[in-house]
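Subject: Handing over a structure, with notes

Dear colleague,

Here is the structure I promised to pass on to you. Please have a look at it first, and then read the notes underneath.

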Amino acid sequence: MQPQDRTRPVIAAPARVWMLVRQQPTALRRSTRELADALADAHGDRFAVWHTDELLFGVQGGRLVLRTLGGAELPAPDVVCVRQVAGPMRDDREVTLLRHLERMGSTLVNGVGAHLNSRNKIWQLQELALAGLPVPDTLSYATAPLEGVVHSLGTEGACVVKTVSGSKGTQVFLAPDARMLRAVAGSLQQDVPFLFQEHVAHSHGRTLRVIVVDGEPVDAVLHTSDDGGLTANIAKGGSAALCRGRYPRAEALAVDAARALGLDIAGVDLLFASEDTYTVCEVNAVPGWRPAMDAVVPAITACVNRRLAARAGGVGGNSMDGPVRALR
């Protein structure tokens, strides 16, 4: 779903539900378009898709305000379904917008705190470990030089190297030994820190993703590398097999992981420590899903509806009554 022209303000019923997506001209992912269509069907003209680069926000006359680039004032929506990928979010950009919406009274799915926990893989591991959940041994750094970090790791075995904010299997590789890792350290881009993680050999080329919505495992898919490589992401050429209900212990662990990070909606990637034990690889706050995973969109739509119902029952909320400026 592409947003309509919003440069001209008109008087209309305000949207109660928003989907907030990345700045234009980034194309919406298939799963995001599918969810937007379902929310549009459920809420009609009380639903709107907004890109992050279409909004102004600030303080005027002592109150928080939202405006369009065309100058129209927008009321804060009741519920915002955030489909802005957490990893690339910046504190002084997207995070500030999400925080502004929360401070204006909107209910975010997922909330700002959950997105902050999820956008950095080390932040994730901190919360997961404190919750007592199994995670691979991992080391990272703040400002230490990368070459010095690599020489101090003290491991001779295989090591998974990834950036703290990568997605879709990018900037991830397996260093088979310390010698190779030291050899490539000087060639790695250092825009963001790397982490160095235990290689869970039993799960090499296999990742189990469980979609969790409001504390329930909704669907699951097994990703498998087709070339024997480490990563099994579809974007990297892997294959997918639906497996809902096949790994109940993994699904229970995924629910615990989503809860530990405060996520209403999560895609939890699990590794096989053995054939019946699992460890959490990472958790995604804006997960995608395969076309055949037909339970996910109804579950998220129901989640949004529950948030609206909670607001109608007096749990938070800001009045949407009366004529206000909206955009078509």
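The notes below go through one helix, the nonpolar cores, a pair of helices and a single glutamine.

Please keep in mind that this is a predicted model.

I would begin with helix 1, which covers residues 30-43. Its 14 residues should span 20 Å at 1.5 Å a residue, and because its end C-alpha atoms are 20 Å apart, the expectation and the model agree. The buried residues of this helix are Ser31, Thr32, Leu35, Ala36, Ala38, Leu39, Ala40 and His43, and they pack against strand 2 (17-21), strand 3 (47-51), strand 7 (79-82) and helix 8 (296-312). Just after helix 1 comes glycine 44, which has a positive phi, near 55°.

Leu35 also leads into the largest nonpolar core, which has 29 residues and in which Met19, Leu35, Phe47, Val213 and Ile300 have the most contacts. At least two residues of this core come from each of strand 2, helix 1, strand 3, strand 7, strand 13 (206-213), strand 14 (216-224) and helix 8, and helix 8 gives the most, with seven residues. If residues up to four places away in sequence are not counted, isoleucine 300 touches Leu35, Cys81, Val213, Ile265 and Trp289. There is also a second, separate core of 27 residues, which includes Ala114, Tyr247, Leu261 and Tyr278. As general background, nonpolar side chains in soluble globular proteins tend to be buried together.

The next point concerns helix 3 (residues 112-119) and helix 4 (residues 121-130), whose axes come within 5 Å and cross at roughly 105°. Angles of 65 to 115 degrees count as roughly perpendicular, and the two helices are therefore roughly perpendicular to each other. Helix 3 contributes Leu116, Asn117, Ser118 and Arg119 to the contact, while helix 4 contributes Lys121, Trp123, Gln124 and Glu127. Sorted by character, the residues of this contact are two nonpolar, three polar and three charged.

Finally, I would draw your attention to glutamine 124, which lies in helix 4. Is glutamine 124 buried or exposed? Its relative accessibility is 3%, and because buried means under 20%, glutamine 124 counts as buried. Apart from neighbours within four places in sequence, glutamine 124 is in contact with Asn117, Ser118, Leu261, Glu282 and Val283. Of these, valine 283 is 159 residues away along the chain, yet its C-alpha atom and that of glutamine 124 are separated by 7.3 Å.

With best wishes

Definitions and conventions:
Residues are numbered from 1 along each chain as its sequence is written. This is a predicted model: local features need pLDDT of at least 70, side-chain atom pairs count only at pLDDT 80 or more; totals for chains, interfaces and linings use all residues. Side-chain values use heavy atoms; hydrogens and water are left out. Helices (H or I, at least four residues) and strands (E, at least two) are DSSP runs, numbered from the N terminus. The expected span of a helix is 1.5 Å times one less than its number of residues. Buried means under 20% relative accessible area, exposed over 50%, partly exposed in between (1.4 Å probe, protein chains only). Contact means heavy atoms within 4.5 Å. Axes are lines fitted to C-alpha atoms, for helices over the stretch in contact, and angles run from 0 to 180 degrees between N-to-C directions. Angles under 35 degrees count as roughly parallel, over 145 as roughly antiparallel, 65 to 115 as roughly perpendicular and the rest as oblique. Ala, Val, Leu, Ile, Met, Phe, Trp, Tyr, Cys and Pro count as nonpolar, Asp, Glu, Lys and Arg as charged, and the others, Gly among them, as polar. A nonpolar core is a set of buried Ala, Val, Leu, Ile, Met, Phe, Trp, Tyr and Cys residues joined through side-chain atoms within 4.5 Å.
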